[in-house]
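Biologist: Could you walk me through this structure and tell me how each description is reached? I am new to this, so please show the reasoning.

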Amino acid sequence: MKPGKMLSAFMIALFAYSSNPVARADEGMWPFNIVPRAEIKKRYGFEITDAWLRKVQLASVRFNNGGSGSFVSPYGLVLTNHHIASDTLQKISTPEKDYNKEGFYAPTQEREAKAPDLELNVLTSIEDVTARVNAAVKPELSGEQATRARAAIIADIEKESLAATGLRSDVVTLYQGGQYNLYRYKKYTDVRLVFAPEFSIAFFGGDPDNFMFPRYNLDMALFRVYEDGKPVKSDNYFKWSKDGAKDRELVFVSGHPGSTARLNTVAHLEYLRDAGFPFTIRLLEREHDLLGKYRSQGEEQARRAQEDFLRIENALKAYRGEYAGLLDKSLLAQKQQAEDALRRSVAADPTKLKEYGDAWDNIARGRQSLKNYYRELSLIENGAGFNSELFGIARTLVRMDAESAKPNSERLPEYSDARRESLELNLFSPAPIFDDLEKLKLTDSLAFMSEQLGADNATVKKVLAGKSPGARAAELVEGTKLKDVAYRKQLAGGARDLRLRTGEAAVPVARAAASSDPMIVLARAIDAEARAVRKRYESEVQSSERANYAKIARALFDIEGTKLYPDATFTLRLSYGAIKGYLENGKEVPPFTTFSGLYKRAAEHGNRFPFDISQRWFDKKSAINLNTPFNFASSDDIVGGNSGSPVFNKNAELVGLIFDGNIQSLVGDFVYDESVNRAVSVDSRAMLEALRKVYNAAELVSELTK
């Protein structure tokens with residue numbers, strides 16, 4: 001499932017690479033303000049109109065827990081993947097009722113389940129603010145000064161936009177600093193679960209089949225969006241295609257790909273190969289083993305750890321796949337060849353040489369410097385050394401207290417006024433936190449930090465306070481009161497705000513700066529060290545890369561013009577391609593699977609995990625049309641973050657639901673190859689057939705097909 005990646009290294013050599021994100025064939029994840037309409041018309045004979053594009057934009061949804069979705073009815077129904085909904089499924093489950101495992105269905109709106117902390121965004125507009133951002137960052141500023149100036153102007157733009165429109169307003173960095181666009185979103189936080197199938201059919205084949213094709217997964221879920229206590233009504237939704245799509249038919253994907261690195265320099269990729277990926281893989285492998293042992297202790301432990309375990313399992317595949325790609329010499333050789341050609345083009349023009357010539361060396365210096373402190377950055381500032389939800393809450397409260405005292409333009413970006421509501425939605429989530437799992441994860445991450453930085457490291461000594469990692473973790477988890485949402489609100493000043501709003505007398509409340517809660521005390525104690533390493537990274541790497549990737553982007557603009565699409569940024573993009581198979585090891589892989597293949601694959605494995613299907617599916621087998629197309633492959637360019645994206649035809653009718661890619665797509669963070677790169681989707685016909693025949697969800701089918 002996306003995100004989550006695995007790759008056999010030898011496969012990379014089979015691909016023909018492009019080294020920069022310049023569109024060829026079906027390649028590209030296009031922002032909605034630069035969709036290549038002429039190329040699509042030339043290639044497929046379809047002309048995209050403004051009205052068509054606007055409807056698609058407003059029907060597309062971002063799940064802020066890391067996925068995509070779409071409106072599929074005029075009454076607020078949103079379609080996404082089971083593996084995007086699994087976070088909510090776990091949070092609403094209990095020891096007595098495991099909705100992740102058993103599935104969920106609310107036949108009436110009154111029985112729909114409120115997601116405790118889910119935010120959905122719908123993009124309403126895009127505005128280019130590059131000139132304003134660049135004007136605030138003067139050429140004579142140092143790296144640290146440039147970082148502060150850029151952050152300040154972005155905070156001002158976001159705050160002004162929020163005040164003027166009431167919409168969530170995010171300034172998005174494109175081309176790694178080449179452009180800055182202001183994205184405005186309609187935000188929804190009253191989101192209720194309607195339907196999700198059982199885990200065994202949503203993730204049929206499990207880890208062995210992940211990133212493979214053919215596939216047999218009903219990886220779908222439905223939510224309903226509410227506003228002012230009523231379902232959202234809109235004409236902007238994807239009508240459900242009853243006929244589905246055909247082989248070689250043009251299909252589109254609108255979704256929110258998380259990140260790619262197709263514009264990265266060779267020096268940047270070499271840093272990831274030599275330092276970033278190996279360290280991250282070691283960290284993930286350790287947590288994967290830890291959670292695996294915990295899950296084996298019993299059914300309840302397995303339930304509690306499932307979401308973390310699957311997240312880690314997918315992340316491991318992602319990093320291992322990307323790492324395998326970077327270890328293949330042919331990939332970096334192709335990247336080097338393209339980089340050398342661009343640098344020669346720049347060097348041949350004195351004006352370009354003066355403006356852009358030093359960009360590559362500047363990026364290389366920053367990445368070389370990062371090798372000296374990436375462990376501290378990851379462990380102390382990014383929190384890998386404190387693997388605990390409770391610690392994350394403590395840090396947020398400590399920094400919220402400190403940052404709120406500053407002018408908005410001087411705060412860390414995540415604590416700006418424009419982002420406060422989204423921050424508090426997560427901070428005050430009532431989702432359960434399990435003490436035994438918290439102790440286990442915190443113990444192991446403290447031990448890992450001690451191993452990586454050394455037992456004599458001053459920060460390690462401060463954190464452990466003379467105790468073993470296990471004893472320190474137990475002391476912190478058992479002593480904190482941060483599981484209590486009311487206590488969090490009190491520390492954040494939420495209680496005072498509430499009383500002022502309701503007209504009650506304001507009373508003094510405790511603040512994080514004065515709290516004696518042990519987890520808060522720890523977060524305060526290491527905040528200076530964490531901020532210092534963050535500041536160094538922002539000054540030496542981030543600020544430099546913003547400026548120097550902007551130079552590279554401008555050099556590419558001069559050559560390629562609008563053929564250049566930006567790397568993914570978890571913002572709305574449009575991809576296009578066709579439903580089609582591909583050659584693998586000399587054999588043709590057809591683009592469609594059917595329900596018949598599901599039962600056959602289960603039988604081949606004795607219906608044993610992870611190739612097991614529930615009794616419900618055996619009981620309903622005779623009612624199902626086994627020739628119904630189940631999953632399909634298409635050449636749409638996607639990566640992690642596209643999970644839950646709608647697949648639709650020229651009439652903006654939904655024909656499928658993205659949930660994965662094939663194994664050949666796993667180098668997609670770096671390159672795209674149309675001949676074998678395939679997105680994998682659930683067919684619209686399979687979803688309707690399952691809802692009707694397996695789940696008896698007549699009410700849903702009626703709403704979806706009106």
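Modeller: Happy to! This is a predicted model, and we can start at its surface: the protein chain exposes about 27,700 Å², with carbon and sulfur atoms supplying 50% of that area.

Biologist: What share of the 706 residues is buried, and what makes a residue count as buried?

Modeller: A residue counts as buried when its relative accessible area is under 20%. Buried residues make up 58% of the 706 in the protein chain.

Biologist: Why is the protein chain called as compact as a globular protein of that length?

Modeller: Its radius of gyration is 25 Å, and the globule rule gives 27 Å for 706 residues; the two values are close, so the description fits. Along the principal axes, the C-alpha atoms fill a box of roughly 70 × 65 × 50 Å. The protein chain has 27 helices and 22 strands.

Biologist: Let's pick two helices. Why is helix 15 called roughly parallel to helix 20?

Modeller: Helix 15 (residues 389–404) and helix 20 (residues 485–492) pack at an angle of about 20°, with their axes 9 Å apart. Angles under 35 degrees count as roughly parallel, so helix 15 is roughly parallel to helix 20.

Biologist: How do you know which residues meet there?

Modeller: Contact means heavy atoms within 4.5 Å. Ile393, Leu397 and Met400 in helix 15 meet Arg488, Leu491 and Ala492 in helix 20. By class, this contact has 5 nonpolar, no polar and 1 charged residues. Arg counts as charged, so Arg488 is the charged one here.

Notes: Residues are numbered from 1 along each chain as its sequence is written. This is a predicted model: local features need pLDDT of at least 70, side-chain atom pairs count only at pLDDT 80 or more; totals for chains, interfaces and linings use all residues. Side-chain values use heavy atoms; hydrogens and water are left out. Axes are lines fitted to C-alpha atoms, for helices over the stretch in contact, and angles run from 0 to 180 degrees between N-to-C directions. Helices (H or I, at least four residues) and strands (E, at least two) are DSSP runs, numbered from the N terminus. Angles under 35 degrees count as roughly parallel, over 145 as roughly antiparallel, 65 to 115 as roughly perpendicular and the rest as oblique. The radius of gyration is taken over C-alpha atoms; the globule rule is 2.2 Å times the number of residues to the power 0.38. Buried means under 20% relative accessible area, exposed over 50%, partly exposed in between (1.4 Å probe, protein chains only). Accessible areas come from the Shrake-Rupley method with a 1.4 Å probe; for residues, only the protein chains shown count as cover.
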